[in-house]
Amino acid sequence: MKLWQKIFLYTMMLVMLAVGVTSILVLRSSFQLSMEQKRQSAYTEHEFLVSNFKSLLLSQRLRQNVLVLEQDQIAELMRSTFQEGNITSGLIFFNKRKQIVYEKGGFGEMSKEDQKKVKALLEIVADTGENYMQHQGDLLYILTKESLETNTYYFLTVTDISQVYGIHREMMRNVRTVCLVCAVAISVILLIVVKLLLRPLSRINQGTRAIARGDYRKRVPRKGRDELSELAYNMNRMAYAIEQNIHALEEVAEDRKKFIDNLSHEMKTPLTSILGFADLLQIQGRLSEEQRMEYAGIIKDEASRMRTLSGKLMELITVGEANIEWTREEMRQLFREMGMALCVVAESHGMRFSLECEKGYLWVDRELIKSLVYNLTDNAIKASKEGDPIAINGWFEEDSFFFSVADKGIGIPREEIEKITQAFYMVDKVRSRASGGAGLGLALCVEIAQIHQGNLSIESEIGVGTVITVRMKGGEEHEAV
């Protein structure tokens with residue numbers, strides 16, 4: 001069963017239940033009020049008949065100038081008093097022995113069941129001496145014990161209350177009819193309202209199906225500020241997140257494919273050289289010492305290049321998974337330690353090296369920071385020629401630490417700057433291979449900078465040189481002494 005059907009049915013049931021219960025309670029209250037009014041009216045009429053008859057009895061006795069009227073005289077007075085049409089209730093007059101003295105309405109015409117009820121009422125009133133009122137079926141019985149002419153008599157009035165029951169039954173029929181009409185009207189209105197209210201849910205359902213089929217660009221239209229609008233907004237956010245994740249996964253898959261292709265290509269070249277010159281050493285029996293040294297040197301260089309390539313590759317793969325050992329380092333001291341080794345390397349290539357760094361602290365992994373600086377300096381050395389300067393500068397600014405590696409080398413074309421941080425990408429492949437490069441250094445630098453909540457920016461111009469600046473958050477400048 002669909003949601004709109006459940007809401008419609010449950011709401012309809014609750015509405016009909018509420019209407020039905022309310023109608024029953026109102027009718028019951030109205031019926032009880034009518035019955036109470038009828039009882040009061042009947043009792044008032046009974047009292048009036050009794051008091052009126054007592055007054056007539058006194059007048060008759062005075063008129064006849066007697067002390068006591070006989071039972072026959074009393075019966076005759078009742079017949080002349082309560083003529084047909086004078087009263088609306090049935091009337092039965094019993095003497096002390098519970099014999100009928102006078103009746104109007106016909107005790108003999110009563111059913112045996114009603115006669116038993118009347119006799120039972122007489123016994124109750126005779127024993128208790130109290131007035132009695134009871135309704136049985138469509139009749140209301142009022143029985144009182146009266147003292148007339150030094151004797152005990154019983155007055156019983158029987159009132160027909162079928163009209164009250166008839167009105168109640170008629171009202172019940174009318175209520176059922178009204179409830180049925182209201183049910184139909186409410187059903188139509190409720191169905192329209194439920195359909196209108198749940199229309200956004202249908203649009204959300206359609207959008208969800210489209211997203212489930214792979215259409216991650218699908219967006220659910222939203223209106224208003226209710227819960228369904230909020231659900232549509234969250235569905236759109238989910239679709240956007242999925243779309244972004246899919247694009248990211250596609251990019252990762254594409255990068256891995258390129259990575260594997262480049263790796264295969266890079267490994268193939270030195271392996272081919274090594275195998276080729278190894279075959280020459282094995283096949284050619286007579287080689288001069290000069291040729292042998294030349295071939296061995298080539299094999300050594302290619303093997304060294306493979307070792308460098310595999311080391312860089314392993315470092316690039318594992319840098320994000322390494323167990324980072326964070327320490328609070330004084331950056332001037334750390335850079336001076338690195339500068340001692342880098343100065344020797346730069347001077348061995350005939351280059352001028354300088355390093356300056358402000359005092360201050362930063363939470364870092366020592367080995368990763370060293371790898372970052374060494375790689376950037378190594379790239380600067382490869383891009384420079386003998387006699388060129390290489391400068392490293394470190395400084396603190398606000399809550400960050402900056403350092404730059406600058407050279408006056410060949411520079412990088414503007415269109416290549418965004419690509420050089422990709423693994424295996426080399427601007428000048430011949431020159432890079434000749435210098436032992438594999439195109440992994442800058443990719444590794446970017447990874448290390450990101451681990452330290454930093455980023456890497458490159459400024460370069462052909463023939464002028466390159467400046468690579470790294471910014472890392474969390475720097476604390478040392479207080480001046």
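**View 1. Thr144 pairs with Phe155 of strand 5.** The model is predicted; local features need pLDDT of at least 70, side-chain atom pairs count only at pLDDT 80 or more, and totals for chains, interfaces and linings use all residues. Residues are numbered from 1 along each chain as its sequence is written, and side-chain values use heavy atoms, with hydrogens and water left out. Strands (E, at least two residues) and helices (H or I, at least four) are DSSP runs, numbered from the N terminus. Two strands pair if DSSP finds at least two bridges between them. Strand 4 (residues 139-148) runs antiparallel to strand 5, joined by ten bridges. The two strands form a hairpin with two residues between them. Glu149, in the turn, has a positive phi of about 55°.

**View 2. Strand 5 is largely enclosed by the rest of the structure.** Strand 5 spans residues 151-160, and seven of its ten residues are buried. Buried means under 20% relative accessible area, exposed over 50%, and partly exposed in between (1.4 Å probe, protein chains only). Strand 1 (residues 90-94) also pairs with strand 5, antiparallel, over five bridges. There Phe93 stands opposite Phe155. Asn151 belongs to strand 5. With 36% relative accessibility, Asn151 counts as partly exposed. Its C-alpha lies 9.5 Å from that of Gln71, 80 residues away along the chain.

**View 3. Five strands form an open, mixed sheet.** Their order is 7-9-10-12-11. Strand 7 (352-357) and strand 11 (454-461) stand at the edges. Each has a single partner strand, so one side of each is left without a neighbour in the sheet. On average, neighbouring strands are turned by 10° against each other, direction ignored. Strand 9 (residues 389-397) and strand 10 (residues 400-407) are antiparallel, with eight bridges. Among the paired residues, Ile392 has Val405 of strand 10 as its bridge partner.

**View 4. Helix 8 and helix 9 meet the strands.** Helix 8 (residues 331-348) lies across strands 7, 9 and 10. It runs at about 180° to strand 7. Axes are lines fitted to C-alpha atoms, for helices over the stretch in contact, and angles run from 0 to 180 degrees between N-to-C directions. Contact means heavy atoms within 4.5 Å. Helix 9 (residues 366-383) packs on the sheet and touches strands 7, 9, 10, 11 and 12 (465-473). Its direction makes about 25° with that of strand 10.

**View 5. The largest nonpolar core has 37 residues.** A nonpolar core is a set of buried Ala, Val, Leu, Ile, Met, Phe, Trp, Tyr and Cys residues joined through side-chain atoms within 4.5 Å. Phe335, Leu376, Phe401 and Phe403 have the most contacts inside this core. Helix 9 gives the most to it, with seven residues. Beyond its neighbours within four places in sequence, Phe401 contacts residues including Met331, Phe335, Trp395 and Met472. A second, separate core holds 17 residues, among them Leu49, Leu57, Met78 and Val101.

**View 6. Helix 1 reaches 90 Å from its first C-alpha to its last.** Helix 1 covers residues 3-64, 62 residues in total. Its reach is close to the 92 Å expected, taken as 1.5 Å times one less than the number of residues. Asn65 follows the helix, with a positive phi near 60°.

**View 7. Cys179 is buried, at 14% relative accessibility.** The closest cysteine sulfur, in Cys182, is 6.4 Å from the sulfur of Cys179, too far for a bond. The structure holds zero disulfides, a disulfide being a pair of cysteine sulfur atoms within 2.5 Å. Cys445 is buried too, at 0%.
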